[in-house]
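Please open the structure in your viewer and keep the selection tool at hand. The tour proceeds by selections, each followed by a short account of what is found there.

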Amino acid sequence: MLAGWGSVGVIYTFSDRWQGPGTVMHPGIVDRMIPFSADGIWLYLSFFLLIPAGYLFCRPEKLRWLTGSMILTALVCGAVYLLWPTTLVYPVDSGQGVSSYLLAQLVAADSTQNCLPSLHMALSVLAVWALYQREQRWRSGLLLLWGALIAVSILQLRRHLFIDLVSGALVALVCGWICLRATQTFPFSWRERQ
């Protein structure tokens with residue numbers, strides 16, 4: 001988890017510091033259909049439970065794949081952030097409750113750029129993929145629902161636009177597929193070969 005998710009944090013942080021000013025992205029039809037609400041923060045932050053769950057509860061043979069997929073996804077997203085940084089006009093939340101407080105803390109800590117593709121969405125897709133088991137339909141169905149609700153919360157909080165989510169999910173699927181092929185071609189780690 002430290003290698004995979006930790007690498008994501010390093011790449012995300014450094015790409016934010018080294019990039020130029022972002023191109024402002026404008027909301028589309030789907031974005032305008034979902035009203036802004038600070039209450040989405042709870043599902044948004046559940047991402048920070050989903051990712052560790054992906055590492056802790058996936059099958060052991062998926063760990064190497066998940067780590068490689070997260071690193072490759074972060075590298076692709078980081079390259080896009082550096083070559084074409086994007087931002088959006090963030091809504092101002094004037095609420096007074098706990099949800100608004102948590103959102104304010106998130107806004108203070110998060111990048112105002114690094115919008116497209118959404119790493120939040122990409123990593124959620126990879127974690128759900130790692131945990132998904134066809135033979136456990138209820139569990140897998142709940143995981144898919146959890147990932148979908150995180151996606152809705154991202155839009156509800158206006159942290160990303162719909163195009164960011166779609167592109168993030170596509171990056172995750174392509175990188176996950178590449179790493180899946182690599183782990184099938186090279187099934188043993190270097191340490192296991194010695």
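Begin by selecting Leu66. Setting aside the neighbours within four places in sequence, Leu66 is in contact with Gly54, Tyr55, Leu126, Ala127 and Ala130. Please bear in mind throughout that this is a predicted model.

**The nonpolar cores**

Leu66 also belongs to a wider group. The largest nonpolar core has 42 residues, and Leu66 is among those that touch the most other members, together with Leu50, Ile51, Met70, Leu123 and Leu126. Now colour the helices H1, H3 (41-45), H4, H5 (63-83), H6, H7, H8 (137-156) and H9: each of them supplies at least two residues of this core. Which helix gives the most to this core? That helix is H7, with ten residues. In general, nonpolar side chains in soluble globular proteins tend to be buried together.

Next, select Met25, Leu88, Cys115 and Leu161. These residues are included in a second, separate core of five residues.

**Helix H7**

Select residues 119-131, which form helix H7. The helix has 13 residues and reaches 18 Å from its first C-alpha to its last, close to the 18 Å expected at 1.5 Å a residue. Is H7 mostly covered or mostly uncovered? It is mostly covered, as twelve of its 13 residues are buried. The buried residues include Leu119 and His120 at one end of the numbering, and Ala130 and Leu131 at the other. Display the neighbouring helices as well: the buried residues of H7 pack against H1, H3, H4, H5, H8 and H9.

Continue along the chain to Gln133, in the loop between H7 and H8. Gln133 counts as buried because its relative accessible area is 10%, and the limit for that class is under 20%. Not counting residues up to four places away in sequence, Gln133 touches Arg59, Arg139 and Ser140.

**The largest pocket**

Select Tyr12, Phe47, Phe48, Asp110 and His120. Of the 17 residues that line the largest pocket, these five lie nearest its centre. The pocket has a volume of about 340 Å³. Helices H1 (2-18), H4 (47-57), H6 (98-109) and H7 (119-131) are the elements that give two or more residues to its lining. H1 gives the most, with five residues. Sorted by class, the lining has eleven nonpolar, five polar and one charged residues.

**The second largest pocket**

Select Glu61, Lys62, Trp65, Trp129, Leu180, Thr183 and Gln184, which line the second largest pocket. About 180 Å³ of space lies in this pocket. Helix H9 (residues 162-185) gives the most to its lining, with three residues. By class, the lining is made up of three nonpolar, two polar and two charged residues.

**The cavity**

How many cavities of 30 Å³ or more does the structure hold? It holds one, and about 40 Å³ of space lies in the largest cavity. To find this cavity, select Tyr12, Tyr90, Asp110, Ser111, Gln113, Asn114, Cys115, Arg159 and His160, which line it. The lining divides into three nonpolar, four polar and two charged residues.

Two of these names have been met before: Tyr12 and Asp110 line the cavity and also lie among the residues nearest the centre of the largest pocket. Cys115, another residue of the cavity lining, is included in the second core.

How values were computed: Residues numbered from 1 in each chain as written. Predicted model: local features only at pLDDT ≥ 70, side-chain atom pairs only at ≥ 80, totals over all residues. Heavy atoms only, no water. 1 Å grid on protein atoms, 1.4 Å probe; cavity = no way out; pocket = protein on both sides within 12 Å on 5 of 7 lines; lining within 4 Å. Points joined across faces, edges and corners; volume = space filled by probe spheres on them. Helix = DSSP H or I, 4+ residues; strand = E, 2+ residues; numbered from the N terminus. Nonpolar A, V, L, I, M, F, W, Y, C, P; charged D, E, K, R; others polar. Core = buried A, V, L, I, M, F, W, Y, C linked by side-chain atoms within 4.5 Å. Buried < 20%, exposed > 50% of the residue type's maximum accessible area, 1.4 Å probe, protein only. Contact = heavy atoms within 4.5 Å. Expected span 1.5 Å × (residues − 1).
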